[in-house]
Amino acid sequence: MFIKHVFSYFVSRGLTGIINFLALALYTRMLSAEDYGEYALIVATAGLANAIFFQWIGLVLLRFLSKYRDEKNESVLLSTLFIGYLLTLAALIFVTFLSLFLGFETFSITIGVLLLAISQSIFDIISELLRASLQTKAYGLLSVLKSILSLGLSLLLIQWGLGSNGVVFGLILGPLLSLWILYAFQEKKQDIRFLLQKENVHFDLLKECLSYGLPLTATLSLSFVMNQSDRLLLGWMAGKSEAGIYSVAYDLTQQTIIMLMMIVNLASYPLCVRALETEGYEAAQKQIRSSAVGLFLIAAPATIGMVVLNDSISSSILGEEFREKAAMIIPVVAISVLLQGMKSYYLDLSFQLGKKTTLQIWPVLVGGVINIVLNFAFIPVYGIQGAVYATFIAYIAAFVLSGMIGRAVFPLTIPLRDFAKIVVCAMVMSIPLYVLDSADDNLYRLIAKIGLGFFVYFAMVYILNVWQIREHVSGWAAKLKMERK
């Protein structure tokens, strides 16, 4: 079941990733570094607002929907969370207009942040509802629709002369239109009027959901501080242009490595929860081990590929104004993103499955403080590279601390032997790619190099039989042979 879900998410997220790559290539050619920097700062602020006010709802759905559905109380959970959403929305609107009154930012930017946060929150909650229900096809279709519509609308608005605001408005409208299209084409439309029925709203349950979700909200908010504060501080201390180049390097890397790791997590996390709830600790550990190997199996080659092909990637994908500086920082960014993904999608399972989400705050709190302090120290001296190394050190600290604290909460099975095999496979793959890396490359040659790297890596994985890949390949081949008969 795990591999089946991974494949389903891989198809949808793969298409989404291709669209996002296309968007990045087009934006860096149609926008200046300063305009891209302004857009990136708006998106970062909206992401922080979404994490603070709304993301706890999706996390509660992932953790408890299966349980309440089994108990025939799904409507109670959904109605209660709907009221929770309305209350937090009111709080966000109040904070937004307070910031306008105090004059923190211009009206257009502040309202853009508000609308983007609301649009993202609605889309994310519906997506998590589909994911928790294991509706992988609907989830995948929604993700692809959102990416296509957001890109198309953004490009149209840029052509109309809106610049970075065009991208922001495209990101606001794209998710909402994709949800409307998915709902409009449903054969059996669900009646959602039960959300407003008073008898379905339990405030004791809301308190329980908040007690689970708020620590995670604090964690996610601090994670955003750790992930995004460097962009905000770089924009403030070195200018929007530097923030734009830095954001491009991070967006390019995260849309590769984190996207691939997210595919595995999207499939594995509900299965880990279900195994723990229905079969117990041993079954959960078995599922966690399989998930961890799958996570690193797909993340390691992506990271090494970004490191050794940094010049080829920058020259073939990014606009000319972004290439040189982005190529310089991509290797360190890639390793930082790998640490971020392994912490978020593997080590943090200890806190979530052990129901001690409050403790999850400490690693990101320490990492966030380190990141802010080092950014203040490094950016005036080293500029964009100072921001990169500040974040790298912060991720190392958060990764180590998360592993140390999590071990006492819910010990995780660590498949060291499989991890070592994967590292060997990725290093062998890196040798021909390093030799072929070039600062004067095009997209076709880059695709050919990626294809070569995939072939070498898969051959090594098969030889070392990582993740029992030989047995999986034999099973797929036998199944295909039976279907042809």
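The following conversation concerns the nonpolar cores, a surface patch and the aromatic pairs of a predicted model.

Reader: Which residues have the most contacts inside the largest nonpolar core, and how many residues does this core have?

Author: The largest nonpolar core has 129 residues, and Y27, Y36 and L77 are those with the most contacts inside it.

Reader: Which helix gives the most to this core?

Author: Helix α9, residues 240-278, gives the most, contributing 17 residues.

Reader: What is Y36 in contact with, leaving aside its neighbours within four places in sequence?

Author: With those neighbours left aside, Y36 is in contact with L24, Y27, L31, G244, S247, V248, D251 and F322. Ring pairs also link Y36 with Y27, Y39 and F322 into a cluster.

Reader: Turning to helix α4, what does I83 touch, not counting residues up to four places away in sequence?

Author: I83 is found in helix α4, which spans residues 74-102. Not counting residues up to four places away in sequence, I83 touches V201 and F203. From I83 to T96 there are 13 residues in sequence and 20 Å in space, C-alpha to C-alpha.

Reader: And F94, is this residue buried or exposed?

Author: F94, also placed in helix α4, has a relative accessible area of 58%; because the cut-off for exposed is over 50%, F94 counts as exposed. F94 forms a nonpolar surface patch with V95, L98, F101 and L102, and together they have about 550 Å² of accessible area.

Reader: Now the rings: how many aromatic pairs does the structure hold?

Author: The structure holds 13 aromatic pairs. One of them is F53 with F54, whose ring centres are 6.4 Å apart and whose planes are at 50°, so the pair is tilted.

Reader: Why is that pair tilted and not stacked or edge-to-face?

Author: Planes under 30 degrees apart count as stacked and those over 60 as edge-to-face, so the 50° between F53 and F54 makes the pair tilted. F53 counts as buried at 16% relative accessibility, and F54 counts as buried at 1%.

Reader: What is the geometry of the W236 and F376 pair?

Author: W236 and F376 form an edge-to-face pair, 6.1 Å centre to centre with 85° between the planes. W236 lies in helix α8 (residues 203-238) and F376 in helix α14 (residues 361-382), so the pair ties together parts that are 140 residues apart in sequence.

Reader: Which of buried, partly exposed or exposed applies to W236, and which to F376?

Author: W236 counts as exposed at 64% relative accessibility, whereas F376 counts as partly exposed at 40%.

Definitions and conventions:
Residues numbered from 1 in each chain as written. Predicted model: local features only at pLDDT ≥ 70, side-chain atom pairs only at ≥ 80, totals over all residues. Heavy atoms only, no water. Core = buried A, V, L, I, M, F, W, Y, C linked by side-chain atoms within 4.5 Å. Buried < 20%, exposed > 50% of the residue type's maximum accessible area, 1.4 Å probe, protein only. Helix = DSSP H or I, 4+ residues; strand = E, 2+ residues; numbered from the N terminus. Contact = heavy atoms within 4.5 Å. Patch = residues over 30% accessible without salt bridge, like charges linked within 9 Å, V, L, I, M, F, W, Y side chains within 5 Å. Areas by Shrake-Rupley, 256 points an atom, 1.4 Å probe, with all protein chains shown as cover. Salt bridge = Lys/Arg side-chain N within 4 Å of Asp/Glu carboxyl O. Phe/Tyr/Trp six-rings, centres within 6.5 Å; stacked < 30°, edge-to-face > 60°.
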